[in-house]
Amino acid sequence: MLKLQFRYVEDISPFIGLVNNRGFNLFIGNDEETAIKTDLLYWDAPFLFPPIEEEGVRLATIEDIAAMKLDTISRGGRKKDFWDLSEILETNKISDLLEIYKKKYPWFEVEDVLKGLSDFTIADQMPDPICYKKKDWEEIKDELRRLTI
């Protein structure tokens, strides 16, 4: 279906591995240079909010995505997860996101999320995502560390 919509589709799932999910990790777009990374996931926790539907495609809400990002960060997180969370925090409070996380993942501890927000051991080894807002990795780490003080 995606190949009907986009001229360029590359499945990168075998190269990056899967963390707590099943799905596809793809680059999609008109060509290799302008393609964007897209994750199509089956997650083990249900959506808390009705998905947004755009042109027949169901999309998770920012709130559900934030909870998934916090879940991943609680277990080490990839650099892009921290970067995405930084963007989400521009329009959402961490206290609200932690409440959503507790509802989505009642079997996990919020303390693990708070520890993860200042543990960049794994993420520090990864390349920086392309950031159109010109944020830098040290700036994002400082922002997230301040949340745990």
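**Confidence, core and aromatic cluster of the predicted chain**

Over residues 15-20 the pLDDT (the predictor's confidence in each residue, from 0 to 100) stays under 50, and the model has 11 contacts beyond four places in sequence for this stretch, a contact meaning heavy atoms within 4.5 Å. Where pLDDT is low, the predicted coordinates should not be read in detail. The chain as a whole has a mean pLDDT of 85, with 88% of its residues at 70 or more. Among the elements, helix H2 (residues 13-16) has the lowest mean pLDDT, 52, and helix H5 (residues 94-104) the highest, 96.

A word on conventions may help here. This is a predicted model, in which local features need pLDDT of at least 70 and side-chain atom pairs count only at pLDDT 80 or more, while totals for chains, interfaces and linings use all residues. Residues are numbered from 1 along each chain as its sequence is written, and side-chain values use heavy atoms, with hydrogens and water left out.

Seven helices and five strands make up the secondary structure of the chain; helices (H or I, at least four residues) and strands (E, at least two) are DSSP runs, numbered from the N terminus. Their order from the N terminus is α-β-α-β-β-β-β-α-α-α-α-α. Of the 149 residues, 34% count as buried, that is, under 20% relative accessible area with a 1.4 Å probe, protein chains only. The accessible surface (Shrake-Rupley method, 1.4 Å probe) comes to about 9,800 Å², and carbon and sulfur atoms account for 56% of this surface. Among contacts between residues at least 6 apart in sequence, 49% join residues at least 24 apart.

The largest nonpolar core holds 26 residues; such a core is a set of buried Ala, Val, Leu, Ile, Met, Phe, Trp, Tyr and Cys residues joined through side-chain atoms within 4.5 Å. Leu70, Phe82, Leu85, Leu97, Leu117, Trp137 and Leu144 touch the most other members. H3, H4, H5, helix H6 (110-116) and H7 each supply at least two residues of this core. Leu70, for its part, touches Leu85, Ile94, Leu97, Leu98, Tyr101, Val113 and Leu117, leaving aside residues up to four places away in sequence. H4 is mostly covered, with seven of its 10 residues buried, among them Lys79, Asp81 and Ser86. The cover over these buried residues includes H3, H5, H6 and H7.

Aromatic contacts come next. The structure holds eight aromatic pairs, where rings of Phe, Tyr and Trp (its six-membered ring) pair if their centres lie within 6.5 Å, and planes under 30 degrees apart count as stacked, over 60 as edge-to-face and the rest as tilted. Trp83 and Trp137 form a stacked pair, 6.0 Å centre to centre with 5 degrees between the planes. Because Trp83 lies in helix H4 (residues 79-88) and Trp137 in helix H7 (residues 137-147), the pair ties together parts that are 54 residues apart in sequence. Both rings belong to residues that count as buried, Trp83 at 8% relative accessibility and Trp137 at 7%. Ring pairs also link these two with Phe82 and Phe120 into a cluster.

A polar residue completes the picture. Asp64, in helix H3 (residues 62-73), counts as buried at 0% relative accessibility. Asp64 touches Pro46, Phe47, Leu48, Phe49 and Lys104, not counting residues up to four places away in sequence. Asp64 and Phe49 are 15 residues apart in sequence and 7.0 Å apart in space, C-alpha to C-alpha, and the backbone nitrogen of Phe49 lies 3.2 Å from a polar atom of the Asp64 side chain.

Conventions
Buried means under 20% relative accessible area, exposed over 50%, partly exposed in between (1.4 Å probe, protein chains only). A polar contact is a pair of N or O atoms within 3.5 Å; within protein, one must be able to donate a hydrogen and the other to accept it, and residues adjacent in sequence count only if both atoms are side-chain atoms.
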